[in-house]
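Welcome to a set of short exercises with worked solutions. Take a look at the sequence and the structure, then try each task before you read on.

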Amino acid sequence: MKLLILDSGHSEYVQGKEAPDKSMKEWEFNNDMQHKIKTIAEKQGITVYLTNPNPSKKNEMGLTRRAQYANDYWISKGKPDALFFSIHSNAYDSKFNAARGTETYYASNASQKSKNAAKDVQEEVYKVMKSIDSEAKDRGVKVADFTVIYKALMPSILEEYGFYTNREDLKILKNNRDELAEATVKGVCKYFGITYKEVGGNPPSESQTPGEDVYENCIIYKGDVDKNIANILGWGLKDYIIVPLQEYKVGLGKKVFVVGVAANEIEGDVNLQGNNRWDTLNEVLEYLGK
Ligand SMILES: [Zn+2]
């Protein structure tokens, strides 16, 4: 088991901590990031625990309590290979200014593993920041005894993605969260020694490992009538899954069949899709050679 413990840093009712033009609050960025990171990390087979899963409409959670939650959970799981990761964005002064850049911290009591993790994540996050904005700044790996990382018993780091008091960094913090989350998980994977698997909008590829919830055939339906057609198609296929539109994710099946759903509502390639229900039923029967 690889365990990633995410700490979202702040809750909604924390004082200050917002962009000078009030266009972004730090807690909101941190919270969005923890959920994005969680989604991508889980697709890598990493178990994710959140110390503060829902910080909206809440007062700031004590720093010691965050570390305590992390420690309790880690111990309850038998002290697996883990990383405590605290998510932040940075501020300097209360007006927009030139200070910018990405930095990653470990505490003075850190093990070599924390230092490795800080380096791995810093590298990946800076790399993606630089790819988005060539002026992005690498502030490097630093040492500071922030309570959460000092008191966490497992390897622990704290990430300051960029400055919301800098206009250019703020743009990235607002617009490129998916890229930042992906880069973070790449760094975390490197730290855990596991190979990062592409996720998201990528079509299923041959390299995808069979057996990992990838079906030979995925049949997507929209309404109840469509479900009947989906079932008929299912009878003729081996290794299939039938899902309603809202539960479909790209990569669920190697072949994708869409019943009663408009083409533009589906991401990725589709193997069969009629113009309407009747048309689709005919296509299904034809496909099955009936
Ligand atoms: Zn912060």
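## Exercise 1: Around I37

**Task.** Set aside the neighbours within four places in sequence and list the residues that I37 is in contact with.

**Solution.** Keep in mind that you are looking at a predicted model.

Step 1. Once neighbours within four places in sequence are left aside, the contacts of I37 are L4, L6, F85, I87, Y161, A181, T184 and V185.

Step 2. Now look at the core around I37. The largest nonpolar core has 40 residues, and I37 is one of those that touch the most other members, together with L4, F85, Y161 and L180.

Step 3. Next, find the elements behind this core. Those that give two or more residues to it are β1 (2–7), α1 (26–43), β2 (47–50), β3 (81–90), α3 (112–132), β6 (156–163), α5 (167–175) and α6 (177–192). Helix α6 supplies the largest share, with 8 residues.

Step 4. There is also a second, separate core of 16 residues, and I5, V148, A152 and M154 are among its members.

## Exercise 2: A41 and S89

**Task.** Decide whether A41 is buried or exposed, and do likewise for S89.

**Solution.** The cut-off you need is this: buried means under 20% relative accessible area.

Step 1. A41 belongs to helix α1. Its relative accessible area is 0%, so A41 is buried.

Step 2. Which residues does A41 touch, leaving aside neighbours within four places in sequence? They are L4, I46, V48 and V185.

Step 3. S89 sits in strand β3. With a relative accessibility of 2%, S89 counts as buried too.

Step 4. Leaving aside neighbours within four places in sequence, S89 is in contact with M24, E26, F29, N30, E160, Y161, G162, Y164 and L173.

## Exercise 3: Two lysines with a positive phi

**Task.** Find where K22 and K79 are placed, and say whether K22 and K79 are buried or exposed.

**Solution.** Start with a general point: most residues other than glycine have a negative phi.

Step 1. K22 is not a glycine, yet it has a positive phi of about 60 degrees. You will find K22 in the loop between β1 and α1.

Step 2. The relative accessibility of K22 is 60%, so K22 counts as exposed.

Step 3. K79 is not a glycine either, and its phi is positive at about 50 degrees. K79 is placed in the loop between α2 (63–76) and β3.

Step 4. At 52% relative accessibility, K79 counts as exposed.

## Exercise 4: K113 and K255

**Task.** Place K113 and K255 in the structure, then work out how K113 and K255 are classed by accessibility.

**Solution.** This time you need both cut-offs: buried is under 20%, exposed is over 50%, and partly exposed lies in between.

Step 1. K113 is in helix α3. Its relative accessibility is 40%, so K113 counts as partly exposed.

Step 2. Not counting residues up to four places away in sequence, K113 touches D81, P155 and Y191. The C-alpha atoms of K113 and K2 are separated by 14 Å, with their positions 111 residues apart along the chain.

Step 3. K255 is in strand β9, residues 253–259. Its relative accessibility is 35%, so K255 counts as partly exposed.

Step 4. Not counting residues up to four places away in sequence, K255 touches E216, N217, C218, N271 and Y287. K255 and K127 are 128 residues apart along the chain, and their C-alpha atoms are separated by 35 Å.

## Exercise 5: The whole protein

**Task.** How many helices and strands does the protein have, and what domains does the assignment give?

**Solution.** Step 1. The secondary structure comes to 8 helices and 10 strands.

Step 2. The domain assignment gives domain 1 (2–192) and domain 2 (215–287). Their C-alpha centres lie 40 Å apart.

Step 3. Along the principal axes, the C-alpha atoms fill a box of roughly 70 × 45 × 35 Å.

Step 4. The protein has 290 residues, and 48% of them count as buried. Its accessible surface comes to about 14,400 Å², with 47% belonging to carbon and sulfur atoms.

Step 5. Finally, turn to the charges. The protein has 39 positive and 42 negative charges, and their mean positions are 5 Å apart.

Definitions and conventions. Residues are numbered from 1 along each chain as its sequence is written. This is a predicted model: local features need pLDDT of at least 70, side-chain atom pairs count only at pLDDT 80 or more; totals for chains, interfaces and linings use all residues. Side-chain values use heavy atoms; hydrogens and water are left out. Helices (H or I, at least four residues) and strands (E, at least two) are DSSP runs, numbered from the N terminus. Buried means under 20% relative accessible area, exposed over 50%, partly exposed in between (1.4 Å probe, protein chains only). Accessible areas come from the Shrake-Rupley method with a 1.4 Å probe; for residues, only the protein chains shown count as cover. Lys and Arg count as positive and Asp and Glu as negative; His and the chain ends are not counted. The place of a charge is taken as NZ of Lys, CZ of Arg, CG of Asp or CD of Glu. A nonpolar core is a set of buried Ala, Val, Leu, Ile, Met, Phe, Trp, Tyr and Cys residues joined through side-chain atoms within 4.5 Å. Contact means heavy atoms within 4.5 Å. Domain bounds come from an automatic or database domain assignment.
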